[in-house]
Amino acid sequence: MQPATVYSRDRCITGIHGMDEILRGGIPYGSTVLAAGTCGSGKTTLAMEFLVRGALAGEACAHFTATEPSVKLLENIRQYAFFDMNMIDSGLINVFDMDVLYSWLGLDKASFDLDDVHALIKAIVDIVNTIGVTRLVIDSVTTLCYKIKSEQLIRDFLFTLGKKLATLGCTTILISEITSATENAHWSSFGVEEAIADGIIVMGDVERMGHLLRFLQVVKMRGTSHSRAKHAIELTPLGVMLTPMLKWGAVNDKTSRWGS
Amino acid sequence: MFELDQRISEQLTEVSLNSSVQVRCGNSNAFMVTASTMIPLMQMFEMGGVYICATRGAVEIIEAFEAIGVDVSNIEFVDLVSSGILGGTDVDRPNITFIDSPIMLESVLLRTLYILRISNSERNFVLIDSVNALAIYNEERMLAEYLHTFINTFRQREVLSVILNVPDQVPPMVLSNLDLYCTDLIDRGQVVIH
């Protein structure tokens, strides 16, 4: 008897040590993934490594930064052995300051209306289309959405952006800043990002006897089976490294507790 | 004159890279047994490796080896002790990495894996010194789980794991699990009959 054919979506191989194993081969191509984490949990490092691994494979990548100036971002990432400044010089990695983009678009204002949101989506999509970007990071979608006052507009913005990027075959990581990564917490600041994203990766800290251990957990990823276990992570000069977190070391008991 | 236990090196000729060796020692012979295990691995089998120091700080261990004329500069030390001592990490030795606490067991595993990824040596060992010291900080079930993960991780990667313990002071669950996971036993431990 012949085995039944199992449909499998093409994958964007992240190249991050252990990550593709968790995702059973990588992120389904064209997905929009929310990387939600507390401060210092390694979101930006993870996202930058995602881009650099793509650039190493010859893919064009873009990083829109709204949280720190691009110069500072590049200075921080230079310490990693997997990064090479030639990736910037050769145009494989393109870093854009959101403040500069706002100025170009005449969006130097406290809050955005519908037209502003559409102008912003068009600008991002045009850049992706022009450069042929296949990996994109927006760091952070939280900072960006602070300028969009209505929940409905935020939903429209993220949904439209995700849809257009998927059409262009671009796999996107939206970084979301959260204040807690506990089991009952929201994985986004506005409550709408998590519903729209194809995938959610939560990053935070587990406190164990006064020490913080970084963890990463894939909560959701459409189009693939995946591990849903908590993984301890270490930020090394070779990039992010993961290992399953000890089951007895992450339980909610007297000696240890979830979250930061 | 420091004398090594030659029978340990004879026993080590029978282990392979994917073996996991439980080394039992006593309170008084711990360094002699450790050195008798480490020295053949480094000199006879020309292995590189990672020494996980939970009992004493790395500097003290390196100095103990230097005192008996053994160069351990090609061994990487992961020190779980010195961060708990103010000024303990103010050390200028390139082959020492510090971990904040012995309770950060996953970090120890990841740091060891990282060191092995950048290692030039094709044949490596990882040595935990000791289960007893880890048991001070870690709950019995968690330590048993950790050693299970640790041994299997390195066995899969063909890295010899050496687990040092003083058996009569190891929590019973951990010791019985070690007996189950480890492929080989070097027994120089004290036997206490209660």
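# Exercises on a predicted two-chain model

Helix α2 (residues 30-44) of chain B lies across β1, β2 (48-53), β3, β5 (124-129), β6 and β7 of that chain, at about 170° to β5(B). The model is predicted. Work through the exercises with the structure open.

**Exercise 1. Describe the fold of chain B and its compactness.**

Step 1. Count the elements. Chain B has seven helices and seven strands.

Step 2. Read them in sequence order. The pattern is α-β-α-β-α-β-β-α-β-α-α-β-α-β.

Step 3. Test the compactness. The radius of gyration of chain B is 15 Å, and the globule rule gives 16 Å for 194 residues, so chain B is as compact as a globular protein of that length.

Step 4. Add the outline. Along the principal axes, the C-alpha atoms of chain B fill a box of roughly 45 × 35 × 35 Å.

Step 5. Look at burial and contacts. Of the 194 residues in chain B, 46% count as buried. Take the contacts between residues at least 6 apart in sequence: 77% of them join residues at least 24 apart.

**Exercise 2. Work out the strand order of the sheet in chain B, and find its edges.**

Step 1. Follow the pairing. Seven strands make an open, parallel sheet, ordered β4-β3-β2-β5-β6-β1-β7 (chain B).

Step 2. Find the ends. β4 (96-98) and β7 of chain B each have a single partner strand, so each has one side without a neighbour in the sheet.

Step 3. Check the turn. On average, neighbouring strands of this sheet are turned by 20° against each other, direction ignored.

Step 4. Place a second helix. α6(B) lies across β1, β5 and β6 of chain B, and runs at about 150° to β6(B).

**Exercise 3. Which strands does β1(B) bridge to, and is β1(B) buried or exposed?**

Step 1. Look towards β6 (residues 160-165) of chain B. Five bridges join this strand to β1(B), and the two run parallel. In β6(B), S161(B) stands opposite S20(B), and L164(B) is the bridge partner of V23(B).

Step 2. Look towards β7 (residues 184-187) of chain B. Here four bridges join the strand to β1(B), again in parallel. I186(B) in β7(B) stands opposite V23(B).

Step 3. Recall the rule. Side chains in a regular strand alternate between the two faces of the sheet.

Step 4. Apply it to each face. One side of β1(B) holds S20(B), Q22(B) and R24(B), the other V21(B) and V23(B), and all are buried. The strand spans residues 20-24, and five of its five residues are buried.

**Exercise 4. Locate N74(B) and explain its exposure class.**

Step 1. Find the loop. N74(B) sits between α3 (58-67) and β3 (75-79) of chain B.

Step 2. Count neighbours. N74(B) has 14 C-beta neighbours inside 10 Å, so it counts as partly exposed.

Step 3. Compare sequence with space. N120(B) is 46 residues from N74(B) along the chain, and their C-alpha atoms are separated by 9.8 Å.

**Exercise 5. Describe the contact between the chains, then the largest nonpolar core.**

Step 1. Count the contact residues. 16 residues of chain A touch 18 residues of chain B.

Step 2. Name the contributors. β9 (211-221), β10 (231-236) and β11 (239-244) of chain A each supply at least two residues to chain A's side. β10(A) gives the most, with three.

Step 3. Sort by type. Chain A's side has eight nonpolar, five polar and three charged residues.

Step 4. Turn to the core. The largest nonpolar core has 137 residues, and A35(A), I52(B) and C53(B) have the most contacts inside it. Its largest share, eight residues, comes from α6 (residues 140-156) of chain B.

How values were computed:
Residues numbered from 1 in each chain as written. Chains lettered and ligands numbered in written order. Predicted model: local features only at pLDDT ≥ 70, side-chain atom pairs only at ≥ 80, totals over all residues. Core = buried A, V, L, I, M, F, W, Y, C linked by C-beta atoms within 7 Å. Buried ≥ 20, exposed ≤ 12 C-beta atoms within 10 Å, placed from the backbone. Rg over C-alpha atoms; globule rule 2.2 N^0.38 Å. Contact = placed C-beta atoms within 7 Å. Nonpolar A, V, L, I, M, F, W, Y, C, P; charged D, E, K, R; others polar. Pairing = 2+ DSSP bridges. Axes fitted to C-alpha atoms, helices over the stretch in contact; angles between N-to-C directions.
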